[in-house]
Amino acid sequence: MKCCNAYESDIMKETMGHTLRPGGFNLTEKGVRFCNISTAHRVLDLGCGRGATVVYLKERHHIQAVGIDPSEKLIEAARKLCEGLEFVIGRGEDIPFDDRNFQCVFAECTLSLMDDVDSAIKEVYRVLEDKGWFIITDVYAKHSDNIEELNQFSLNSCMRGLHDLGVLIEKLEGSGFEIHLLEDHSDLLKQLMVKIGFSYGSMDVFWNITTQNCIDGCKFQQALKRCKPGYFMLVARKGGVNRG
């Protein structure tokens with residue numbers, strides 16, 4: 001069980017803004033354009049946090065989106081910030097919506113937060129209409145052999161849940177998704193790390209402050225370095241048959 005939710009920290013918000021992820025809305029916009037998402041589509045933001053993407057889709061594209069997040073604190077903040085939009089407390093492994101309810105699901109730096117990625121993928125498949133889009137931006141380990149070392153840290157952060165990208169693709173395809181786009185955007189993660197370094201002196205200090213010392217920031221950062229984190233964008237589409 002993770003003792004600390006980094007995304008509930010005001011330090012995280014001040015550092016990364018309301019999006020709480022590298023690159024802001026750059027890849028969100030690319031996903032909208034690549035999948036031709038429009039006002040005719042019903043969209044789910046999986047792990048919506050403070051509601052940044054839901055608001056962006058509404059204000060920039062007039063797209064109706066629903067946000068879900070397991071954090072009561074973040075959902076409360078989203079509802080206060082974005083009156084009139086729909087935010088629901090819920091987990092990716094048990095999405096509180098009916099089958100084939102959405103034409104698109106965004107998971108922006110959130111699939112890595114799931115306790116059970118397999119269940120989350122199957123749930124996304126379930127709530128998507130046939131040929132619906134699954135837009136993922138997230139972190140991965142370029143040295144995936146070292147991922148297990150991160151499990152010793154009790155922390156709810158995408159950096160603690162780095163993907164093995166090859167394994168993730170196998171899980172998606174095994175559940176009936178077809179991969180339509182895969183791009184590396186590690187430059188966005190690097191830019192964020194540089195920004196944090198200038199602001200706090202080192203990533204070690206940042207982790208200690210953000211988690212209120214619930215983990216050893218120095219040891220966590222050393223484990224991350226051995227994994228060599230990267231950042232990717234992946235767009236998958238629901239096929240006609242669920243093989244999961």
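This short presentation describes how the helices of one protein chain pack, and then turns to three individual residues.

Good morning. The structure before you is a predicted model. I shall begin with the chain as a whole.

The protein chain contains 9 helices and 7 strands. Of its 244 residues, 53% count as buried. The accessible surface comes to about 11,000 Å², and carbon and sulfur atoms account for 47% of that surface. As for the contacts in the chain with a separation of 6 or more, 76% of them join residues 24 or more positions apart.

Let me now take the helices. Two packed helices are described by the angle between their axes and by the distance between the axes. I shall give both values for each of three pairs.

The first pair is H2 and H3. Helix H2 covers residues 26-34, and helix H3 covers residues 52-61. Their axes are 11 Å apart, and the packing angle is about 55°. Angles of 65 to 115 degrees count as roughly perpendicular and those under 35 as roughly parallel, so an angle between these ranges makes H2 oblique to H3. On the H2 side, the contact is made by Thr28, Glu29, Val32 and Arg33. On the H3 side, the residues are Thr53, Tyr56, Leu57, Arg60 and His61. By class, this contact has 3 nonpolar, 3 polar and 3 charged residues. The crossing of H2 and H3 is right-handed.

Let us stay with H3 for a moment. How many of its 10 residues are buried? The count is 7, and H3 is therefore described as mostly covered. The buried residues are Ala52, Thr53, Val54, Val55, Tyr56, Leu57 and His61. What covers these buried residues of H3? The cover includes helix H2, together with strands E1 (42-46), E2 (64-69), E3 (86-89) and E4 (102-108).

Just after H3 comes histidine 62, in the loop between H3 and E2. Histidine 62 has a positive phi of about 60°, although it is not a glycine. Is histidine 62 buried or exposed? Its relative accessible area is 57%. Exposed means over 50%, so histidine 62 counts as exposed.

The second pair is H7, residues 186-200, and H8. Here the axes are 8 Å apart and the angle is about 80°. That angle makes H7 roughly perpendicular to H8. From H7, the contact is made by Met193, Ile196 and Tyr200. From H8, the partners are Met203, Val205, Phe206 and Ile209. Please note the composition of this contact: 7 residues are nonpolar, none is polar and none is charged.

The third pair brings H8, residues 203-210, together with H9, residues 217-227. The axes of H8 and H9 are 8 Å apart, and the angle is about 125°. Since the roughly perpendicular range ends at 115 degrees and roughly antiparallel means over 145, H8 and H9 are oblique to each other. H8 passes H9 in a right-handed crossing. Met203, Asp204, Trp207 and Asn208 are the residues of H8 in this contact. They meet Gly217, Cys218, Phe220, Gln221 and Leu224 of H9. By class, the contact has 5 nonpolar, 3 polar and 1 charged residues. You may notice that Met203 of H8 appears both in the contact with H7 and in the contact with H9.

On spacing within a helix, I would recall one general point: an α-helix has 3.6 residues a turn, so residues three or four places apart point the same way.

I now move past H9. Lysine 228 lies in the loop between H9 and strand E7, which covers residues 229-238. Lysine 228 has a positive phi of about 55° and is not a glycine. Its relative accessibility is 43%, so lysine 228 counts as partly exposed.

My last residue is phenylalanine 232, which is found in strand E7. At 1% relative accessibility, phenylalanine 232 counts as buried, because buried means under 20%. Which residues does phenylalanine 232 touch, leaving aside those up to four places away in sequence? They are Ile136, Thr137, Asp138, Val139, Tyr140, His163, Leu165, Leu168, Leu182, Glu183, Asp184 and His185. The C-alpha atoms of phenylalanine 232 and leucine 189 are separated by 9.5 Å, while the two residues are 43 residues apart along the chain.

To close, I return to the three pairs: H2 is oblique to H3, H7 is roughly perpendicular to H8, and H8 and H9 are oblique to each other. Thank you for your attention.

How values were computed
Residues are numbered from 1 along each chain as its sequence is written. This is a predicted model: local features need pLDDT of at least 70, side-chain atom pairs count only at pLDDT 80 or more; totals for chains, interfaces and linings use all residues. Side-chain values use heavy atoms; hydrogens and water are left out. Axes are lines fitted to C-alpha atoms, for helices over the stretch in contact, and angles run from 0 to 180 degrees between N-to-C directions. Helices (H or I, at least four residues) and strands (E, at least two) are DSSP runs, numbered from the N terminus. A crossing is left-handed if the near helix is turned anticlockwise from the far one by less than a right angle, and right-handed if clockwise. Contact means heavy atoms within 4.5 Å. Ala, Val, Leu, Ile, Met, Phe, Trp, Tyr, Cys and Pro count as nonpolar, Asp, Glu, Lys and Arg as charged, and the others, Gly among them, as polar. Buried means under 20% relative accessible area, exposed over 50%, partly exposed in between (1.4 Å probe, protein chains only). Accessible areas come from the Shrake-Rupley method with a 1.4 Å probe; for residues, only the protein chains shown count as cover.
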